[in-house]
Amino acid sequence: MSLDRTRIVDEAVALLDSEGLDGVTLRKLAARLGVQAPTLYWHLPNKAALVTAIAEAIVPDPTPPAPDQPWQDWLRDFAHQLRTALIAHPDGARIVSMAQLSRQTAAWSELAMSVLADRGVALRDARIIVLTVERFTVGHVLEEQSPPPDTAAFDLNQYAATYPVTVRAITEYFAPGRNVDDLFSDCLETVLAGAVAIAETP
């Protein structure tokens with residue numbers, strides 16, 4: 001089978017899924033493809049280029065809004081689409097946050113700002129709103145995908161005694177059966193409420 005950029009990136013995504021970002025190296029990728037590492041440099045000159053290529057592969061094309069869909073409803077769907085794409089792969093948020101000049105992530109921003117501007121949001125406000133939603137989404141997934149704490153070295157009782165309000169708030173939130181999906185949605189609603197306020201300010 002011939003070696004081309006598409007095959008290299010597909011195999012890189014498979015390597016990411018099996019070993020996480022720290023396991024994605026040009027040496028391991030070359031071994032999976034049955035070639036020497038220098039061969040990959042014709043297609044991807046360094047690790048940064050590889051990370052960007054992976055980001056472009058795991059972030060799908062965004063879905064444009066329906067003609068009569070309010071921009072805030074579409075932006076909510078936009079954030080959920082992005083989160084779903086990121087959590088589908090280990091370290092997906094790290095990959096996207098490290099990507100350099102990714103055309104795919106730029107396409108998301110371009111579409112989102114265009115949607116808001118077309119619906120009457122000032123371009124300056126549209127950019128701020130879109131950046132806030134994108135960075136909130138990536139940041140939220142970064143935390144979701146972070147390694148769990150070392151419980152052996154963590155004194156929960158001492159933590160609860162030092163930060164009682166924090167522990168009580170966490171317990172109350174998740175007690176009714178809520179999960180991290182609910183937390184993302186609820187936090188996103190707060191972000192969107194602020195976005196609407198910005199857009200409606202004269």
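User: What makes the lining of the largest pocket 8 nonpolar, 4 polar and 2 charged residues by class?

Analyst: The classes follow from residue type, because Ala, Val, Leu, Ile, Met, Phe, Trp, Tyr, Cys and Pro count as nonpolar, Asp, Glu, Lys and Arg as charged, and the others, Gly among them, as polar; on that basis the lining of the largest pocket has 8 nonpolar, 4 polar and 2 charged residues. This is a predicted model, in which local features need pLDDT of at least 70 and side-chain atom pairs count only at pLDDT 80 or more, while totals for chains, interfaces and linings use all residues. Residues are numbered from 1 along each chain as its sequence is written, and side-chain values use heavy atoms, with hydrogens and water left out.

User: How do you know which residues line a pocket?

Analyst: On a 1 Å grid over the protein atoms alone, a pocket is an open set of points where a 1.4 Å probe fits, with protein on both sides within 12 Å along at least five of seven lines, and lining residues have an atom within 4 Å of a point. By this rule the second largest pocket is lined by His140, Glu143, Glu144, Ile170, Phe174, Val180 and Leu183. Its lining divides into 4 nonpolar, 1 polar and 2 charged residues.

User: Why is the contact between glutamate 19 and lysine 28 called a salt bridge?

Analyst: A salt bridge is a side-chain nitrogen of Lys or Arg within 4 Å of a carboxyl oxygen of Asp or Glu. For glutamate 19 and lysine 28 the N to O distance is 2.7 Å, so the pair meets the definition. A search of the whole structure finds 10 salt bridges.

User: Why is arginine 83 called buried, and glutamate 144 partly exposed?

Analyst: Buried means under 20% relative accessible area, exposed over 50%, and partly exposed in between, with a 1.4 Å probe and protein chains only. Arginine 83 has a relative accessible area of 6% and is therefore buried, whereas glutamate 144, at 29%, counts as partly exposed. The side chains of glutamate 144 and arginine 83 also meet in a salt bridge, at 2.9 Å from N to O.

User: What makes aspartate 22 exposed, and which residue does its side chain meet in a salt bridge?

Analyst: Aspartate 22 has a relative accessible area of 63%, and therefore counts as exposed. Its side chain meets that of arginine 94 in a salt bridge of 3.3 Å, N to O. Arginine 94 itself, at 29% relative accessibility, counts as partly exposed.
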